[in-house]
Amino acid sequence: MRIVWHEWPSLTRSLPALSSIVGSYGRNFRIAMPLTGVGVPIATFQIIRQEPSCRAPSRGRVLPWRLDVLLLMLIIFIQVGYTYWLSVAVLSASILLIRLRHQLIAGFKSQPWVPFIFLLMFLPLIFERSVDFDHDFLRSGREALFGILMLLIVIGSRVRPLAVNMSKIAVSLGVVAAFLLTLVIIQIGALKSGVYFGLPEEAYAFGDDTIPGALDLIYSDIRPAATFSEPSYLAFICTSILLILLSFFDSTRRMLSSIVIVISVGILSRAASFVVFGGGLSGIFVTRIVKGRNKLLILGFLALGAVATILIQATLLDGRLNVVDRVLRGGSSTGDASVFDRFFGPMYLMPEYLPTYPLGLPSSLVQRAISAGAAQIGTNGPALLMNGFFNLLFQYGFSGFIIALAFLVRRDIIVSIYLMSCMMFNGAFFAVDKFVVISMTITIYHAIISRKGGVFRSATRRTEVEMAFPKARLLNGEMAGARLRSEKGS
């Protein structure tokens with residue numbers, strides 16, 4: 001960044017602030033201060049940040065990457081296992097906690113109130129009579145545990161970004177995306193022939209009740225799900241991978257091919273949630289990062305890839321273009337059952353449910369409590385418990401809304417949108433598999449953004465450089481770097 005100054009008295013007053021900036025960044029910056037001459041009221045400051053290489057960092061130390069790559073590969077089989085606690089998800093969670101132990105501690109030091117907010121989860125057990133207290137208590141305790149760990153890592157990964165090997169992660173994500181696309185295309189061809197091609201039902205530790213049976217293959221419209229139990233879970237994984245790939249996007253254009261592959265997988269799965277949230281994330285990234293003519297070029301390329309994928313899907317599925325149609329028909333119970341049960345159905349029940357149970361109900365009572373209302377809108381109780389956000393409201397009432405806000409109120413709108421999308425996918429939000437995928441995704445996202453200097457700094461917030469030089473004209477773009485203290489604060 002180059003700052004051109006026009007008044008010598010203002011420059012003199014701003015020198016203390018400039019020295020504070022230099023002290024804050026230390027050796028990461030070198031400063032050149034060429035003056036045009038005595039008596040000429042103009043001076044030029046050039047601040048150059050020396051970014052460490054992701055392949056060869058200072059002092060010859062290679063950034064750690066093996067555990068990160070291992071975790072990314074394990075995501076493919078995150079639902080596989082013998083039982084809930086003897087599963088790939090629990091193994092991944094153990095590795096993740098070892099890898100992110102410093103971020104976990106940093107999150108607690110930054111926001112020590114986090115564990116206390118999850119005590120609200122136990123209020124339904126106090127004020128409502130449970131039919132299975134031990135089960136309900138253990139479930140609330142398990143969700144509180146993973147909720148605390150997840151929120152602390154979300155906070156800590158921003159306070160203390162993880163050192164990651166960006167090149168290794170980029171290659172690993174490309175391999176995962178290519179594998180998922182290949183498998184999804186094979187599954188589409190197999191399902192068209194009435195054959196299920198995927199992991200057997202016995203291989204899944206949870207979510208196995210959604211594996212299609214023989215009658216489903218004949219009479220139902222089965223969608224590809226890769227190695228996961230259902231297409232919605234595949235959309236959740238694709239959205240997570242897409243967030244990481246998009247964070248590379250502004251500096252590494254070769255990631256565009258991987259981004260198009262992930263978007264293609266999401267469209268081929270015909271998951272309405274991916275179309276909504278994946279498209280939203282992509283649009284925000286492109287709008288914020290790409291400038292000038294390149295923006296139209298990239299948008300056109302992404303749109304062309306999406307159209308080509310939809311046409312391929314139409315060919316493989318006998319012309320059924322129901323990616324968008326599923327969203328449009330989801331407002332009625334006679335339309336798309338999956339969209340209705342996860343989005344619109346719970347919304348219809350909330351105005352009556354929350355005033356009746358403001359603190360929620362134990363998990364063993366929720367299904368019975370919503371059965372009558374579910375029958376009135378043309379569905380059944382268990383079908384309405386497939387949305388993570390509404391499950392928080394069903395089980396914990398207004399306390400669940402407070403807990404959700406603790407996650408969603410982030411400084412980076414990208415993180416907020418991603419967390420909101422994760423709450424809309426099937427299953428409990430505070431489960432071990434969701435903990436692994438969400439924590440790892442946000443940690444890598446924060447790590448990449450911090451390495452590149454926070455490219456998504458809000459235009460309404462000025463750095464200390466801008467406040468120290470209010471009449472400066474910024475050339476060569478914005479300065480890459482974290483927000484500094486304001487001049488008044490220093």
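Here are legends for a handful of close-up views of this predicted model.

**View 1. The whole chain, before we zoom in.**
Let's get our bearings in the protein chain, which has 20 helices and four strands. Of its 490 residues, 51% are buried. Now take the contacts in the chain with a separation of 6 or more: 74% of them come from residues 24 or more positions apart.

**View 2. Helix 3 meets helix 4.**
Here you're looking at helix 3 (residues 88-99) and helix 4 (residues 101-110), whose axes come within 4 Å and cross at roughly 70 degrees. Angles of 65 to 115 degrees count as roughly perpendicular, so that's how helix 3 sits relative to helix 4. Helix 3 brings L97, I98 and R99 to the contact, while helix 4 brings R101, Q103 and L104. Sort the residues of this contact by type and you get three nonpolar, one polar and two charged.

**View 3. L67 and its partners.**
Find L67 in helix 2. Is L67 buried or exposed? Neither label quite fits: its relative accessible area is 35%, so L67 counts as partly exposed. If you skip the neighbours within four places in sequence, L67 is in contact with I95 and R99. You've already met R99, as one of the helix 3 residues in the contact with helix 4. Look for S92 too: L67 and S92 are 25 residues apart in sequence, and their C-alpha atoms are 9.8 Å apart in space.

**View 4. Two rings, W85 and F146.**
Searching the whole structure turns up 18 aromatic pairs. In the pair shown here, W85 and F146 are stacked, with 6.3 Å from centre to centre and 25 degrees between the planes. Why does this pair tie together parts that are 61 residues apart in sequence? It does so because W85 lies in the loop between helix 2 (66-74) and helix 3, whereas F146 belongs to helix 7 (residues 133-159). As for F146, its relative accessibility is 5%, so it counts as buried.

**View 5. The ring cluster around that pair.**
Step back a little from W85 and F146 and you'll see a cluster: ring pairs link them with Y84, F206 and F435.

**View 6. Lysines over rings.**
Which ring does the charged end of K168 sit over? It's the ring of W65, with the charged end 4.6 Å from the ring centre. For another example, look at K434, which lies over the face of F236 at 5.4 Å from the ring centre.

Notes
Residues are numbered from 1 along each chain as its sequence is written. This is a predicted model: local features need pLDDT of at least 70, side-chain atom pairs count only at pLDDT 80 or more; totals for chains, interfaces and linings use all residues. Side-chain values use heavy atoms; hydrogens and water are left out. Axes are lines fitted to C-alpha atoms, for helices over the stretch in contact, and angles run from 0 to 180 degrees between N-to-C directions. Angles under 35 degrees count as roughly parallel, over 145 as roughly antiparallel, 65 to 115 as roughly perpendicular and the rest as oblique. Contact means heavy atoms within 4.5 Å. Ala, Val, Leu, Ile, Met, Phe, Trp, Tyr, Cys and Pro count as nonpolar, Asp, Glu, Lys and Arg as charged, and the others, Gly among them, as polar. Rings of Phe, Tyr and Trp (its six-membered ring) pair if their centres lie within 6.5 Å; planes under 30 degrees apart count as stacked, over 60 as edge-to-face and the rest as tilted. Buried means under 20% relative accessible area, exposed over 50%, partly exposed in between (1.4 Å probe, protein chains only). A charge sits over a ring if NZ of Lys or CZ of Arg is within 6 Å of the ring centre and within 35 degrees of the ring normal.
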